[in-house]
Amino acid sequence: MAAVFLKEFQQMMRDRLTFAMAVGVPILQLVLFGYAINTDPKGLPTALVAADSGPMAASVVATLQNTGYFRIVHAGVDEGEAERMLEEGRVQFLVVIPPQFSRRIVRGERPQMLVAVDATDPSASGNALAALAAATDRALERQLTGPLQRLAEKPGPFEVVVHKRYNPEGLSRYNIVPGLIGTILTMTMVMLTGLAMTRERERGTLENLLATPVRPSEVMVGKILPYVVLGYVQLGVILGAAALLFHVPLEGSFVLLMAMIGVFIVANLGVGFTFSTLARNQLQAMQMTFFFFLPSMLLSGFMFPFRGMPEWAQALGEVLPLTHFLRIVRGIMLKGNSLVELWPELWPMVLFMAVAAAVALKRYRQTLD
């Protein structure tokens, strides 16, 4: 038994990648779950359209900011520009204070204040909306004294109208099901491509390719294309289930959605191809896939609100293609975004695809040599 133990221990130490994964994955999980995951995001970007600069309007805005959930990043913009920011995902909330807000409160007219929220991810704004209701009840406590004290009685000096955009019922499946397109494709495309090439190396069939006049780029494209077809087959299953079982809407262009998914599939296949040139066997390819998939799932905003993570985690998440793809697919399916609105999320994904393909091709050339 001691001899077998020593033999197995020596073999484990020789497989440096497996040993690194055994140590690195727990550390990665501890760091991500301990520091990066936050189910109560605060400091959510908010656009403010204030047509009244009176003291009561200023007090309401200050109370919202004091909750910690609302961070005014755009003030003084017109309502049309603020609506575009909300549609493009640049802000989470839009607060509109109407003209003569303070004067109408004094007159007892109960003016309406609009709060529009991007509700594509209900978990990202749920606590903020709860804090909004409590904050507006006490926003004017200091001003409503003396003759105005009667205005502090229920139902309150002003009315807050909340518009939940793109997911008015707050259904979590509207957020989860489109996100599953990206997570499933990430896992399967990276894993299957990595295993396919590594399997050929283990069986010795890669040597047969060396005896043919096929160029490395042609081998890479030929290996990738069948999995592109497989990715679209998976997509058909997911979209069919989304429409028939979960009734998730498709507000945007179906053709545009297919094109964006094609870019995302190729980006992940490039990662899988690179892993296949690094791995010595299929087990190592699986380990690399898991090491890539875990941060992609946790840092992309699929499971937890992206804006709830610290800045360093958001910076890492911006590098991953899944982060941008989730915004794209939710923007097309729930908001009806066009290519112009999606471009800020598309170009990082295209850049990642180009880098992944270049690294994969270079590594494959080194493997042949």
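A residue is called partly exposed when its relative accessible area lies between the limits for buried, under 20%, and exposed, over 50%. Q100, with a relative accessible area of 43%, is therefore partly exposed. The structure is a predicted model, and the terms buried and partly exposed are used in this sense throughout.

**Backbone at two loop residues**

Q100 sits in the loop between β3 (93-97) and α5 (101-106). Although Q100 is not a glycine, its phi is positive, at about 55°. A positive phi also occurs at R110, another residue other than glycine, where the value is near 50°. R110 belongs to the loop between α5 and β4 (112-118). With a relative accessibility of 29%, R110 counts as partly exposed.

**Nonpolar cores**

The largest nonpolar core has 44 residues, and I181, L257 and I261 are the members that touch the most others. Two or more residues of this core come from each of α7 (173-203), α9 (216-244), α10 (254-278), α11 (282-299), α13 (321-335) and α14 (339-368). Helix α10 gives the largest share, 10 residues. Residues up to four places away in sequence aside, I261 touches I181, L185, Y232, L235 and F325. Apart from this core lies another of 26 residues, among them V60, V61, I97 and V117.

Two polar residues in the helices named above are also buried. Q234 is part of helix α9, and its relative accessibility of 18% is under the 20% limit, so Q234 counts as buried. Outside its neighbours within four places in sequence, Q234 is in contact with I184, L185, T188 and M189. L185 is thus listed among the contacts of Q234 and also among those of I261. T277 is located in helix α10 and counts as buried at 7% relative accessibility. The C-alpha atoms of T277 and T198 are 7.4 Å apart in space, while the two residues are 79 apart in sequence.

**Helix α6**

Helix α6 covers residues 122-138, 17 residues in total, and spans 25 Å from its first C-alpha to its last, close to the 24 Å expected at 1.5 Å a residue. Its buried residues are A124, S125, A128, L129, A131, L132, A135 and T136. The elements against which these buried residues pack are β1 (44-50), α3 (55-66), β2 (70-75), β3, β4 and β5 (159-165).

**Nonpolar surface patch**

A nonpolar patch on the surface is formed by F5, L6, F9, M12, M13, F19, V23, I27, V31, Y35, W312 and L316, which together have about 1200 Å² of accessible area. At least two residues of the patch come from each of α1 (2-14), α2 (16-36) and α12 (311-319). W312, one of the patch residues, is in helix α12. The relative accessibility of W312 is 40%, so this residue counts as partly exposed.

**Salt bridges**

Side chains of opposite charge can pair when their charged atoms come close. The model contains 10 salt bridges. Three of them are set out below, with the distance between nitrogen and oxygen.

| Salt bridge | N to O distance |
|---|---|
| E81 and R90 | 3.4 Å |
| R104 and E109 | 3.2 Å |
| R327 and E345 | 3.1 Å |

In the pair R327 and E345, the arginine lies in helix α13 and the glutamate in helix α14, so the salt bridge ties together parts that are 18 residues apart in sequence. R327 is partly exposed, with a relative accessible area of 28%, whereas E345, at 15% relative accessibility, counts as buried. Salt bridges with shared partners also join E81, R84, E88 and R90 into one network.

Within that network, E81 has a relative accessible area of 22% and is partly exposed. R90, its partner in the table, counts as partly exposed at 40% relative accessibility. In the remaining pair, R104 is partly exposed with a relative accessible area of 27%, and E109 counts as partly exposed at 40% relative accessibility.

Terms used
Residues numbered from 1 in each chain as written. Predicted model: local features only at pLDDT ≥ 70, side-chain atom pairs only at ≥ 80, totals over all residues. Heavy atoms only, no water. Core = buried A, V, L, I, M, F, W, Y, C linked by side-chain atoms within 4.5 Å. Buried < 20%, exposed > 50% of the residue type's maximum accessible area, 1.4 Å probe, protein only. Helix = DSSP H or I, 4+ residues; strand = E, 2+ residues; numbered from the N terminus. Contact = heavy atoms within 4.5 Å. Patch = residues over 30% accessible without salt bridge, like charges linked within 9 Å, V, L, I, M, F, W, Y side chains within 5 Å. Areas by Shrake-Rupley, 256 points an atom, 1.4 Å probe, with all protein chains shown as cover. Salt bridge = Lys/Arg side-chain N within 4 Å of Asp/Glu carboxyl O. Expected span 1.5 Å × (residues − 1).
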